[in-house]
Amino acid sequence: MDKIIKITLGFFILILVVFVAFFSYMSYIDTTYRNSLSGTYAYTCTITTDAVISNVTFFLPVPADPNGNSPVVAQISSRDVTGVPGDWNLTLFDTGKATLLKVSAPTIGKPAINGSAQITSVTLAVNTSSPALIDTRSPVENAAVFRPVQGIHEVACPAGEAKTDNTTECFNYFTNIYADYTAASSVSVSINASLEATNSWTIFTPESNAYENRIAMLTIHGENHGWMTTLGWIESGIGEYDAPTITS
């Protein structure tokens, strides 16, 4: 009888040790994940011209969620934007359907030298952190993208893109850019923008997931005075999705 009691007691002690070890392990995983988790947004917009353009006004898309909230507006409002020339004026506009950045400048670009065009390229950049986990799987529905999003449809992702558990999806859609300036008919102006949203964490090794949103390079020849439709592209579900689920 004593032997049976000892075996039973030893069995329960073993179960208790395993339970405590498992609970401690899961608690460590959860705590480490929470403490190391960070979300970041990296926004850039580049305007390039091969000659002088004058009386310039652009309305450029700024990433925003479906409610119109943008992760980069605070930095833009406080002019915490890298790459802004001294004579440029930046103003934010909320149309209700999209957030736009108004860029005004007397001139952009340089005159030709000895008949050779002088390329001027200006890149505005904002990097900011997210106070919450970013939904990198469904950014159109739950995160910040360049809006308005019109005619969105799924397309094949670029060949060679690494996929994790078949989570990566790619989409094309149409959006709008406004450009108003005077220029010679030979002038070429291009505009493109990108957003990279990333969650990163470390449990045993660094891991991350992300989505990318781009506005395809829009090239304008000569002067322009109005709205233009351009192509937007989204790749979502990039990276790892085996991290613990935060429930509170």
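This report covers the overall make-up, backbone features and one pocket of a predicted model.

The model is predicted, so local features are given only at pLDDT of at least 70 and side-chain atom pairs only at pLDDT 80 or more, while totals for chains, interfaces and linings use all residues. Residues are numbered from 1 along each chain as its sequence is written, and side-chain values use heavy atoms, with hydrogens and water left out.

**Overall make-up**

The chain has three helices and twelve strands; helices (H or I, at least four residues) and strands (E, at least two) are DSSP runs, numbered from the N terminus. Of its 248 residues, 41% count as buried, where buried means under 20% relative accessible area, exposed over 50%, and partly exposed in between (1.4 Å probe, protein chains only). The chain exposes about 13,400 Å², and carbon and sulfur atoms supply 56% of that area; accessible areas come from the Shrake-Rupley method with a 1.4 Å probe, and for residues only the protein chains shown count as cover. Among contacts (heavy atoms within 4.5 Å) with a separation of 6 or more, 76% join residues 24 or more positions apart.

**Backbone features**

The peptide bond from Arg147 to Pro148 is cis, with omega near 5°. Pro148 sits in the loop between helix 3 (139-142) and strand 8 (150-155). Two asparagines have positive phi values, as tabulated here.

| Residue | Phi | Location | Relative accessible area |
|---|---|---|---|
| Asn55 | near 50° | strand 2 (residues 53-62) | 58% |
| Asn114 | near 55° | loop between strand 5 (110-113) and strand 6 (116-118) | 79% |

Asn55 is exposed, and Asn114 is exposed too.

**The second largest pocket**

The second largest pocket has a volume of about 210 Å³. On a 1 Å grid over the protein atoms alone, a pocket is an open set of points where a 1.4 Å probe fits, with protein on both sides within 12 Å along at least five of seven lines. Grid points are joined across faces, edges and corners, and the volume is the space filled by probe spheres set on the points.

Lining residues have an atom within 4 Å of a point, and this pocket has 16 of them. Tyr41, Asp65, Pro71, Ser130 and Ala144 lie nearest the pocket centre. Strand 7 (residues 120-130) supplies the largest share of the lining, three residues. By class, the lining has eight nonpolar, six polar and two charged residues. Ala, Val, Leu, Ile, Met, Phe, Trp, Tyr, Cys and Pro count as nonpolar, Asp, Glu, Lys and Arg as charged, and the others, Gly among them, as polar.
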